[in-house]
Amino acid sequence: MEKKVLLAIKGLQIEGRSGDAWHPIVKGVDLTLHKGEVLGLIGESGAGKSTLGLAAMGFARDGCRISGGTIDFDGIDLRAASEAERRSLRGKRIAYVAQSAAASFNPAHRLVDQYCEAPVVHRVMAREKAEADAVELYRRMRLPNPEEIGFRYPHQVSGGQLQRAMTAMAMACRPELIIFDEPTTALDVTTQIEVLAAIRDIVRQFGTAAIYITHDLAVVAQMADRIKVLLRGSEVEEADTRKMLAEPREDYTKSLWAVRSFARPEQPPATGTPIVSVRNVTAGYGAINVLTDVSFDIHARRTVAVVGESGSGKSTTARVITGLLPPRKGEVLFNGKPLPPGFSARSRGELRQCQMIYQMADTALNPKLRLRELIGRPAEMYLGLKGKALDDRIRDLLSLIELEPDKFIDRLPGELSGGQKQRIGIARALAAEPQLIICDEVTSALDQIVQEGILKLLSRLQDELNLAYMFITHDLATVRSIADEVVVMQQGVVVERGPKAVLFAAPKEEYTNLLLSSVPEMDPDWLNRLLAARGEPA
Amino acid sequence: MNVIVFLAAALALFFVIGVAARAAMKTLAPAADKPTFRDMPLTASFGIAVILFYVLVAVFGPLLAPFGEGEVVGAQYLPWAAPHYLGTDKLGRDMLTRLIYGARNTVGIAFATTALAFVVGSILGIWAALAGGWLDQWTSRFVDALMAIPALIFSLLLLTIFGTSVLTLILVIAAVDATRVFRLARSVAQGIVVMDYIEAARLRGESNWRLIRREILPNAMAPLVAEFGLRFCFVFLSISALSFLGLGIKPPTADWGSMVRDNATLITFGDITPLLPAGAIALLTVAVNFVVDWQLHRASGLKE
Amino acid sequence: MSNLILPPGITRRGVLKGATAMAAAGLILPATMQRARAEPKKGGVFRLGIGHGSTTDTYDPGLWDQLYVQTFAAARHNYLIEIAADGTLVGEIAESWESPDGSTWIFKIREGVSFHSGKPLTVDDVIASLNHHRGDASTSAVKSYFDPVTDIKADGGNVVVTLNAPNADFPYLMSDYHLAIMPGTDGKIDVTSPDGAGGYIVESYEPGVQATLNRNPNYWKSDRAHFDQLVLLTIIDPAARLNALMTNEVDTIDQVDPASIGLLESRGVANILSISGNAHYTFPMDARMAPFSDNNVRLALKYAFDRQELVDKILAGHGSVSNDNPIGPANRYFFAGLEPKSYDPDKAKFHLKEAGMDTLEVTVSAANAAFNGAVDAAVLMSEKAAAAGITITVDRVPDDGYWDNIWLKKPFCASYWGGRPTEDQMFTTAYQGGGAWNESFWSNTRFDELLVAARSELDEAKRRAMYEEMQQLVSFEGSSIIPMYNNYVMAVSKAIATPEKIGNNWNLDGFRCVERWWMA
Amino acid sequence: MNAILAMIGRRLLMGLLTLFVISVVIFGATELLPGDLARELLGQSATEETLAALREQLGLNDPAPVRYWNWLTGVLQGDLGVSMATKKPISELVGTRLENTMFLALYAAAMSVPLSLMLGVLAALWRNSIFDRASNSLALTAISFPEFFVAYILILWLSQSGFFPSMVRITPATTFGDMLYMCFLPALTLTLVVTAHMMRMTRAAIINLLASPYIEMARLKGMAPLRVVLRHAVPNALAPIINVVALNLAYLITGVVVVEVVFVYPGLGQLMVDAVTNRDVPVVQAIALIFAAAYVLLNLIADVLSTISNPRLMHQR
């Protein structure tokens with residue numbers, strides 16, 4: 001089945017500006033896309049996926065420039081074309097679906113107004129026709145109330161629906177090529193399924209060619225005909241999806257595939273008084289109860305994973321334990337003794353025992369303090385270390401998190417990579433010598449290989465220092481690899497809890513089952529099977 | 001025609017100073033900072049050069065000035081000729097000398113005032129944002145109420161009550177200005193106190209004072225510094241407005257606002273004398289604004 | 001703010017009579033008494049920009065205090081007696097006056113005069129107008145004039161005022177600008193009404209902004225009030241005032257900034273009227289307090305600055321040097337033979353040494369509220385005094401509240417006097433021991449004796465000798481530095497014609513420019 | 001809509017509280033001023049007796065809290081009181097002045113707001129271009145001169161050559177056209193003073209949004225730059241722009257004493273300075289309240305407009 005080539009990129013080079021200097025982002029990548037074909041672009045952050053995707057539209061972000069190579073779209077040289085010519089292609093023949101639909105819809109206009117903009121401005125169809133067309137596409141994207149959803153503002157529509165509406169908008173002029181830039185990354189797993197299915201269907205229905213950009217292998221496996229792997233602006237390898245999954249050639253690809261192999265060994269069952277015991281906690285903000293009657297225990301040396309989708313009350317539970325949000329009802333026991341509900345009423349000793357690691361290391365570390373102070377401060381405060389003793393302790397901690405003390409001790413957070421920052425977060429928590437560390441989505445902002453490193457580190461530290469972890473996450477893969485016990489939450493209620501092995505093997509509750517089954521698997525047929533099993537159109 | 005020639009000359013001078021200053025800074029800056037200066041727009045390098053010049057003049061004023069600050073050296077309104085390169089004022093004092101001393105007094109007082117307003121305003125503002133709750137509400141409402149009173153009129157009222165020594169001038173304008181700083185500092189700090197690192201520090205049991213000093217203030221510096229520049233200009237202009245209304249800096253202390261005021265009637269006849277101090281004020285405010293602008297631009301992270 | 005109120009208790013023996021009595025105020029123009037350069041013609045609009053006026057100005061005559069309300073009052077009111085441009089007293093509402101003993105004063109009220117409302121002016125109106133300023137409940141600034149008055153009553157077409165002691169100067173007091181004749185009802189005047197018997201009728205008035213007046217068609221003086229309309233504008237800012245004149249927004253401005261007089265003249269858009277009177281600037285020193293209690297210190301200060309420099313720089317030459325003498329060259333008994341005090345640091349040092357000092361440090365409080373340029377004058381004095389080992393610190397204080405908080409309170413400050421038509425008034429007001437406005441708190445027995453004696457002395461030569469001795473005393477032993485006499489400086493556009501002789505008793509032709517001037 | 005009404009209600013209540021606080025602050029401040037109305041009215045010529053008589057007549061002998069209470073009860077009944085100095089009702093005294101002040105403020109706003117918005121949008125559109133830099137530098141230069149100096153220069157250039165009058169004289173015969181002509185220079189002075197601030201804020205607010213994903217989206221839909229700025233950036237930048245406009249309008253109403261002095265313009269600012277000088281406390285209070293009310297109201301209007309311009313707040317989920 002030889003199809004006509006729609007997009008041909010050759011030796012593409014893109015540079016980004018930092019200060020006065022230009023440094024390469026994309027280093028001579030070739031890309032060929034046929035009509036109606038879906039190409040998956042995969043790679044870690046900084047691989048140049050998005051930049052390459054945008055370049056397919058002849059577009060470079062502010063601060064970037066296309067410095068070499070050719071981009072040929074259906075016989076048009078996009079580099080040589082004038083800006084007006086390129087503009088006339090964009091939205092009309094090449095469309096774009098962004099990562100976060102919530103941010104990429106203009107909050108000031110209704111959905112249908114934004115839908116109609118491209119068809120009307122590009123003179124593809126008149127406003128009335130475009131509106132009718134919108135309803136049709138909304139229906140095809142399986143949006144609820146397709147007749148009236150267009151008359152809502154973006155903030156009135158949920159994230160999954162917005163992502164579908166954005167895909168519909170991209171389809172408005174029936175383009176020949178759509179660039180999907182991580183369209184489901186920001187969504188919960190259960191929502192992701194619906195969006196993936198809708199996108200796949202509409203692309204097939206219209207025979208649109210697509211470039212599907214993501215870091216999630218399991219997702220791309222469902223969507224793409226071919227997969228191209230990028231690393232730091234260069235191509236690693238390219239192959240048909242099934243072939244790529246079955247037998248990756250390059251080491252880098254293999255390492256990507258292997259990420260999910262880490263698993264913490266099974267721990268003996270918990271005994272004795274739990275370090276933390278959450279008892280019948282009800283808590284909330286204003287008139288709303290976010291948590292209702294939540295109870296669970298955390299024992300020494302064990303990891304309790306609190307799992308749930310956004311809005312399920314995972315983080316609020318952490319805030320109750322730390323004392324940031326005093327509960328309305330119930331209490332938190334620490335080693336069997338009730339903790340004062342508010343943190344300001346707790347003693348230093350009590351505060352020290354329970355430390356926290358945050359999701360966004362960027363916002364969790366004061367960007368103006370050097371690592372020495374960031375890590376040293378808890379040790380200085382709680383343990384009264386000073387001078388040489390303090391310096392030694394900071395160096396020990398840095399060694400413990402596998403960062404070279406001499407090199408890092410006087411750095412600012414801004415001079416670290418994402419994974420290194422997260423390690424500093426861990427070191428800061430360790431500096432207090434706590435019994436419990438609450439990890440709030442600590443790996444979700446990181447690339448998979450980096451995630452792996454952090455998880456291994458946490459696991460090692462747990463063994464060495466007898467720590468208990470409360471692991472808040474929405475990522476079931478992470479749960480699988482590190483948790484001893486699992487607490488499943490939905491809308492502020494504990495749906496189910498128990499040892500990981502038991503719970504994963506035989507979930508009792510329907511929601512747990514739904515959650516578990518929604519995690520994409522590295523099998524091109526997974527989505528089809530799942531949809532079939534759920535009785536939805538494939 | 002003269003105007004055009006003058007403007008052209010001014011523009012040329014601007015370019016020369018800007019380029020020269022940028023070159024100088026590029027050469028002199030430590031290696032790490034070199035890119036900062038290489039990127040600098042001409043306006044900013046010009047601004048820095050002008051500010052440095054003013055600071056030098058202010059610091060070394062007594063050495064540079066050919067005569068004494070209040071010294072009557074000749075007849076009134078002498079023309080521009082040696083030894084009075086810029087002529088004399090209405091009491092026969094050397095204009096150049098007065099201008100130089102004016103830099104010292106006016107800039108010094110404006111700087112002290114702005115600095116005071118910033119120390120008080122930003123600490124209170126950050127504290128309010130950190131404390132939150134009704135304490136924050138009440139202080140903010142009170143500050144809002146004070147801001148609803150026109151600044152100039154409020155200053156006039158306070159100066160009439162407390163007299164017009166340099167100290168009261170600084171205190172009064174700083175007090176009025178601190179309300180504006182308070183508002184900015186509070187809103188900046190509100191953006192910072194929701195950060196996880198503040199939460200972490202609170203959970204660690206840090207005192208409020210340490211939170212303000214070590215955790216919030218360093219992160220609020222960029223917008224505060226930019227505001228400092230703008231406020232400095234405002235203070236500068238309000239002092240000259242107060243001098244205009246007769247409540248500024250006391251004679252025989254040379255101050256640019258009063259100098260403009262004293263010679264204001266001459267403008268009616270197209271005499272250039274009052275232009276000098278007014279130009280000195282304007283040049284400095286423009287320079288500060290240019291630099292602030294550049295800083296804001298850098299802080300916003302927006303590149304080309 | 002005016003400090004120009006005539007004090008009570010002036011007596012003079014003898015009976016004075018008639019419509020012209022006292023030759024008084026000083027004149028700079030030659031005393032050739034020509035009427036005018038050309039016959040005045042009627043018509044036109046006269047726009048006058050005045051550097052005074054406030055939103056709190058009122059029609060209450062007891063509260064008038066500055067040039068705007070004074071001129072405004074002169075435009076719409078008549079007084080019992082007017083001081084003519086040459087300084088003589090001329091009957092206005094009083095057709096004539098006489099006193100048999102100096103204690104009882106009989107004013108014959110002019111007939112056929114009516115107010116703007118049409119109501120004829122009667123003896124009762126005059127009594128009501130005067131009584132407004134009299135009695136315990138009065139809030140008038142000239143209440144003290146009437147302290148010696150025991151009775152004011154009507155006697156046919158006459159008003160009879162009885163004093164508790166003779167006062168030959170009483171008719172002079174009756175010309176005071178506060179004492180406008182206003183219509184009375186049941187013995188009281190209406191202080192919120194602009195109704196008067198003057199040459200112009202108020203059309204509109206917004207205090208602190210402007211007043212518009214139209215000529216009174218029934219004005220009894222046929223040779224006065226030439227303009228069809230008057231517009232009196234408050235323009236506080238000197239530069240704005242000057243701009244208004246330059247751009248022909250107004251025809252006349254007062255208080256021309258000395259710095260711009262020369263430039264204005266060279267432009268040729270306006271004539272400068274520089275009228276010398278007896279007005280003078282003073283720096284009183286509190287004679288009760290050290291170091292000013294020592295006359296040598298006072299003399300040291302008097303020699304330690306350059307008077308001519310002050311005249312040149314503060315007044316731009318529109319004035320003359322004073323020898324610490326409150327009696328001006330226009331006064332009758334001005335002592336020209338007073339030994340001049342020039343800038344002499346050595347002499348100042350000598351006097352300082354006499355006082356047992358090598359150096360002296362004093363602080364002078366000044367604000368431009370005292371007089372325009374007071375702060376600069378103090379700065380100039382301070383500069384020159386340094387050479388004599390005297391450090392004068394200039395403390396600029398706010399204009400606002402100057403007369404409350406500084407004058408009569410600080411030991412060394414700036415002040416001004418509008419001058420007095422008679423020597424006696426000047427000395428009694430500000431130099432007699434214990435006087436209410438003796439701003440220097442100076443007290444000299446010999447001076448006080450002479451003052452009382454001169455009042456009753458009828459022999460011209462003896463009187464002159466007495467007043468000259470008093471001037472000598474004030475100048476060399478007194479506690480006031482009086483560096484200069486200041487002129488009244490006005491700028492008048494070429495569209496306006498002025499009489500040959502301009503009154504120098506007050507600014508703006510004795511406030512009467514509105515009815516004495518005309519369109520050229 | 002109800003949410004907005006509730007917000008307006010809440011803010012008005014807050015505004016009343018603000019006004020109360022201000023009246024206390026101003027009253028306290030005027031109490032602290034040296035001297036009193038009686039002294040000021042009588043000036044240097046005051047003697048103790050006349051002062052006493054006048055004080056009695058003016059009711060200055062009551063203790064301060066009593067006087068404040070009397071004033072407050074009057075105001076609450078809608079009576080601003082009478083000027084102590086002129087005995088005229090303050091409403092009458094302030095009435096025409098307020099009109100004048102509002103006229104000048106609106107005149108200056110009518111010139112400066114469209115101008116600054118236009119310049120701001122264009123500068124954002126052509127950011128970093130010569131136009132951007134030049135307009136920015138010029139605006140900075142304009143605000144760098146003291147107001148009175150700008151005013152004098154304008155008089156020198158535009159008035160002495162006879163184009164516009166150097167002072168404003170309002171008579172009952174003055175027509176609206178005359179007003180526009182006479183007030184041109186003061187309005188221009190104010191325009192020069194406030195334009196820079198509004199223009200820079202407009203530019204900054206728009207540029208701030210240009211990095212948003214939805215702006216990139218609009219560009220990727222092939223929209224022209226002008227359309228991107230006008231249709232996609234401006235509606236979302238309205239809140240800060242409205243706020244800075246409100247702030248400047250408040251300044252135009254409350255902060256123009258200097259311009260009033262130079263152009264002899266009978267506005268509220270001069271009246272207030274006069275009243276302070278003369279210690280006419282009820283007038284000071286009344287004007288302070290008017291100024292504060294203007295400030296509060298403008299901020300309220302700005303907030304309401306910002307809310308209306310923001311669909312998130314207008315259309316709840």
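Two strands count as paired if DSSP finds at least two bridges between them. Keep that in mind for the hairpin on this tour. The model is predicted.

**Stop 1: chain C as a whole**

Select chain C and show it as a cartoon. Its secondary structure comes to 15 helices and 21 strands. Now turn the chain around. Along its principal axes, the C-alpha trace spans about 70 × 55 × 45 Å. The radius of gyration of chain C is 23 Å, which agrees with the value near 24 Å for a compact globule of 520 residues. Of those 520 residues, 58% count as buried. Next, think about contacts in chain C with a separation of 6 or more. Residues 24 or more positions apart account for 73% of them.

**Stop 2: an open sheet in chain C**

Stay in chain C and select β4, β5, β6 and β7. In what order do the four strands lie in the open sheet? The order is β4-β5-β7-β6, and the pairing is antiparallel. Color β4 (94-98) and β6 (149-155), the edge strands, each of which pairs on one side only. Look along the sheet to see the twist, which averages 20° from one strand to the next.

**Stop 3: the hairpin of β4(C) and β5(C)**

Zoom in on β4(C) and β5(C). Four bridges join these antiparallel strands. Pick C:Glu98 and find its bridge partner in β5(C), which is C:Ile106. Then go to the turn. Five residues lie between the two strands of the hairpin, and C:Gly102 takes a positive phi near 85°.

**Stop 4: along β5(C)**

Show the side chains of β5(C). Which of them are buried? C:Trp105, C:Phe107 and C:Ile109 point to one face and are buried. C:Thr104, C:Ile106 and C:Lys108 point to the other face and are not buried.

Now look across to β7 of chain C (residues 158-163). Five bridges join β7 to β5 (residues 104-109), and the two strands run antiparallel. Select C:Ile106 again: its bridge partner in β7(C) is C:Val160.

**Stop 5: the helix across the sheet**

Add helix α2 of chain C, residues 123-131. This helix lies across β5, β6 and β7 of chain C. Compare its direction with β6(C): α2 runs at about 165° to that strand.

**Stop 6: where chain D meets chain C**

Bring chain D into view beside chain C. Here 37 residues of chain D are in contact with 43 residues of chain C. On the chain D side, several helices each supply at least two residues, among them α3 (48-58) and α7 (147-159). By class, that side has 17 nonpolar, 14 polar and six charged residues.

**Stop 7: where chain B meets chain D**

Hide chain C and show chain B with chain D. In this pair, 35 residues of chain B are in contact with 33 residues of chain D. Helices of chain B that each supply at least two residues to this side include α9 (208-244) and α12 (275-299). The side of chain B that touches chain D has 24 nonpolar, eight polar and three charged residues.

**Stop 8: a glycine in chain A**

Finish in chain A. Select A:Gly48, in the loop between β3 (38-42) and α1 (49-55). Why does A:Gly48 count as buried? The cut-off is 20 or more other C-beta atoms within 10 Å, and A:Gly48 is buried because it has 25. Leaving aside neighbors within four places in sequence, A:Gly48 is in contact with A:Ile25, A:Val26, A:Leu230 and A:Gly233. Last, draw a distance from A:Gly48 to A:Lys27. They are 21 residues apart in sequence and 9.1 Å apart in space, C-alpha to C-alpha.

Definitions and conventions. Residues are numbered from 1 along each chain as its sequence is written. Chains are lettered from A and ligands numbered from 1 in the order in which they are written. This is a predicted model: local features need pLDDT of at least 70, side-chain atom pairs count only at pLDDT 80 or more; totals for chains, interfaces and linings use all residues. Two residues are in contact if their C-beta atoms, placed from the backbone, lie within 7 Å. Ala, Val, Leu, Ile, Met, Phe, Trp, Tyr, Cys and Pro count as nonpolar, Asp, Glu, Lys and Arg as charged, and the others, Gly among them, as polar. A residue is buried if 20 or more other C-beta atoms lie within 10 Å of its own, exposed if 12 or fewer, and partly exposed in between; C-beta atoms are placed from the backbone. Axes are lines fitted to C-alpha atoms, for helices over the stretch in contact, and angles run from 0 to 180 degrees between N-to-C directions. The radius of gyration is taken over C-alpha atoms; the globule rule is 2.2 Å times the number of residues to the power 0.38.
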